[in-house]
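Here's a quick briefing to read with the model open beside you. Take it topic by topic and click along as you go.

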Amino acid sequence: MSEHLMRLGASDLMVPPIAVGCMRISGLASRDVERFVDQSMQLGLNFFDHADIYGKGSCEEVFARAYKALGYKRGQAILQSKCGIVPGKRFDFSRDHILASVDGILRRLDTDYLDVLLLHRPDALVEPEEVASAFDQLQSQGKVRHFGVSNQHPRQIALLRRYVKQPILANQLQFGIMHTGMIDQGIHVNMLDEGAVDRDGGILDYCRLHDITIQAWSPFQHGFFSGVFVDNPDFPELNEALKQVARRHEVSPTTIAVAWILRHPARIQVVTGTTRPERLAECKAAYGVSLTRDEWYQIYLAAGNILP
Ligand SMILES: NC(=O)c1ccc[n+]([C@@H]2O[C@H](COP(=O)([O-])OP(=O)(O)OC[C@H]3O[C@@H](n4cnc5c(N)ncnc54)[C@H](OP(=O)(O)O)[C@@H]3O)[C@@H](O)[C@H]2O)c1
């Protein structure tokens, strides 16, 4: 199992290339949450991604209950959560909000420390000195061991890095076969087409240059939670390509969708969103698949992208 671990950022924290997203688990029966958590752990997918807002906090709670009931020890899992969104009202990176949010996360996760805390979405009113002060306190109290961000632009990260002394280890961003803006702009540099539009300030290269692990959220979605592209009749060409490549590697299209992200040399960590134990195994099968350059581009093109 250990040969598949990767380093988070430049830290000594070794993590599985697939993180298990817990945003959708609050609707499951408690028995099914237990099956889901147990299967994750059995597969070695022991990195769980949470946020204080998922299920209004209930995702963290049901996860913690299941984890405890299964008898796993705290040290067997790597727990990540996020703060900074007050849904529908504001983004909030103030010191008080961050500290209060982490206390709530720790209470709901029934633990005394988080392995990783991410700032969820950029706050227009960010005062980086406040973030720095909050991170220092959380670290010195032993409440948070590592820090990162989500949905941030290179200059936003650069601003934080000027004040925050802990390394920013991760930036969680939407990325998958049908959400490739950060790759498109690198391919279409200086062209006049849609692919050249710079929506993220070159975040992919920035993260590679600064040892920040990109965590790919919504790896199976098209649009913003618009639905899954696998087996979706709206995307016949993509699904044909996925099936073709899947047949060649004797795996499923779902596995190929994960392998496509893992093939990128930036060493992107995939954050799955499935709530089904059997799909977790299908995702993990991607560890055994190494797509060729031709296959990777074939899928990229079949998703409707063009090369200049
Ligand atoms: N940082 C951020 O701003 C941000 C935003 C969104 C999400 N996230 C994180 O990213 C994680 C993943 O996001 P997501 O849930 O949108 O990801 P996703 O993996 O793209 O979508 C998962 C959803 O797709 C369904 N699905 C249907 N067919 C599937 C297939 N063949 N393979 C996989 N899933 C299939 C799943 O249903 P089943 O459950 O029935 O499999 C589930 O409802 C979240 O849990 C959360 O931790 C972060």
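What follows covers the ligand shell, the nonpolar core, three helices and a few loop residues.

This is a predicted model, so treat everything below as computed from it. The ligand has 24 residues around it, and the largest nonpolar core counts 86 residues. Helices H3, H8 and H11 get a closer look, since each keeps its buried residues to one side: the arc is 130 degrees for H3, 100 degrees for H8 and 135 degrees for H11.

**Ligand shell**

- Of the 24 residues surrounding the ligand, the closest are Gly 21, Met 23, Phe 220, Gly 273 and Thr 274.
- By type, the shell around the ligand splits into nine nonpolar, 11 polar and four charged residues.

**Nonpolar core**

- Inside the largest core of 86 residues, the ones with the most contacts are Phe 63, Leu 117, Ala 216, Val 258 and Val 270.
- Helix H9 (residues 253-262) is the top contributor to this core, giving seven residues.
- Leu 117 is a good one to click on: once you skip its neighbours within four places in sequence, its contacts are Ser 81, Cys 83, Val 102, Leu 138, Val 144 and Phe 147.

**Helix H3 (residues 95-109)**

- H3 has 15 residues, which at 1.5 Å a residue should span 21 Å, and its end C-alpha atoms sit 21 Å apart, in agreement with that.
- Its buried residues are Ile 98, Ser 101, Val 102, Ile 105, Arg 108 and Leu 109.
- Those residues take up an arc of only 130 degrees around the axis, so they share the same side of H3.
- Asp 96 and Asp 103 are exposed on the other side of H3.
- The cover over the buried residues of H3 includes helix H2 (58-69), strand E5 (78-83), strand E8 (114-119), helix H4 (128-140) and strand E9 (144-150).

**Helix H8 (residues 236-249)**

- With 14 residues, H8 reaches 20 Å from first C-alpha to last, close to the 20 Å expected at 1.5 Å a residue.
- Leu 238, Ala 241, Leu 242 and Val 245 are the buried residues in H8.
- Looking down the axis of H8, the buried residues fall within an arc of 100 degrees, so they line one face of the helix.
- On the other side of H8 you'll find Pro 236, Glu 240 and Arg 247, which are exposed.
- H9 and helix H11 (293-302) are among the elements that cover the buried residues of H8.

**Helix H11 (residues 293-302)**

- Buried in H11 are Glu 295, Ile 299 and Tyr 300.
- They cover an arc of only 135 degrees around the axis, so they end up on the same side of H11.
- Arg 293 and Asp 294 are exposed, on the face of H11 turned away from its buried side.
- H8 and H9 are what the buried residues of H11 pack against.

**Positive phi values**

- Lys 56 has a positive phi near 55 degrees although it isn't glycine, and its place is the loop between strand E4 (47-49) and H2.
- Lys 56 counts as exposed because it has 10 C-beta neighbours inside 10 Å, where 12 or fewer is the cut-off.
- Asp 110 is another residue other than glycine with a positive phi, near 55 degrees, and it sits in the loop between H3 and E8.
- With 14 C-beta neighbours inside 10 Å, Asp 110 is partly exposed.
- Glu 250 follows H8 and also has a positive phi, near 55 degrees.
- Just after H11 comes Gly 304, with a positive phi of about 100 degrees.

**Two loop residues to check**

- Asp 92 lies in the loop between strand E7 (90-91) and H3, and it counts as buried because it has 20 C-beta neighbours inside 10 Å.
- Leaving out residues up to four places away in sequence, Asp 92 touches Gly 84, Val 86, His 97 and Asp 123.
- Asp 92 and Arg 121 are 29 residues apart in sequence, with 8.8 Å between their C-alpha atoms.
- Pro 167 is in the loop between helix H5 (154-163) and strand E10 (168-174), and its 17 C-beta neighbours inside 10 Å make it partly exposed.
- Not counting residues up to four places away in sequence, Pro 167 touches Gly 9, Ala 10 and Ser 11.
- From Pro 167 to Ala 51 is 116 residues in sequence and 20 Å in space, C-alpha to C-alpha.

Methods. Residues are numbered from 1 along each chain as its sequence is written. This is a predicted model: local features need pLDDT of at least 70, side-chain atom pairs count only at pLDDT 80 or more; totals for chains, interfaces and linings use all residues. Helices (H or I, at least four residues) and strands (E, at least two) are DSSP runs, numbered from the N terminus. The expected span of a helix is 1.5 Å times one less than its number of residues. The arc is that of the directions from the helix axis to the C-beta atoms. Two residues are in contact if their C-beta atoms, placed from the backbone, lie within 7 Å. A residue is near a molecule or strand if its C-beta atom, placed from the backbone, lies within 6 Å of it. Ala, Val, Leu, Ile, Met, Phe, Trp, Tyr, Cys and Pro count as nonpolar, Asp, Glu, Lys and Arg as charged, and the others, Gly among them, as polar. A nonpolar core is a set of buried Ala, Val, Leu, Ile, Met, Phe, Trp, Tyr and Cys residues joined through C-beta atoms within 7 Å.
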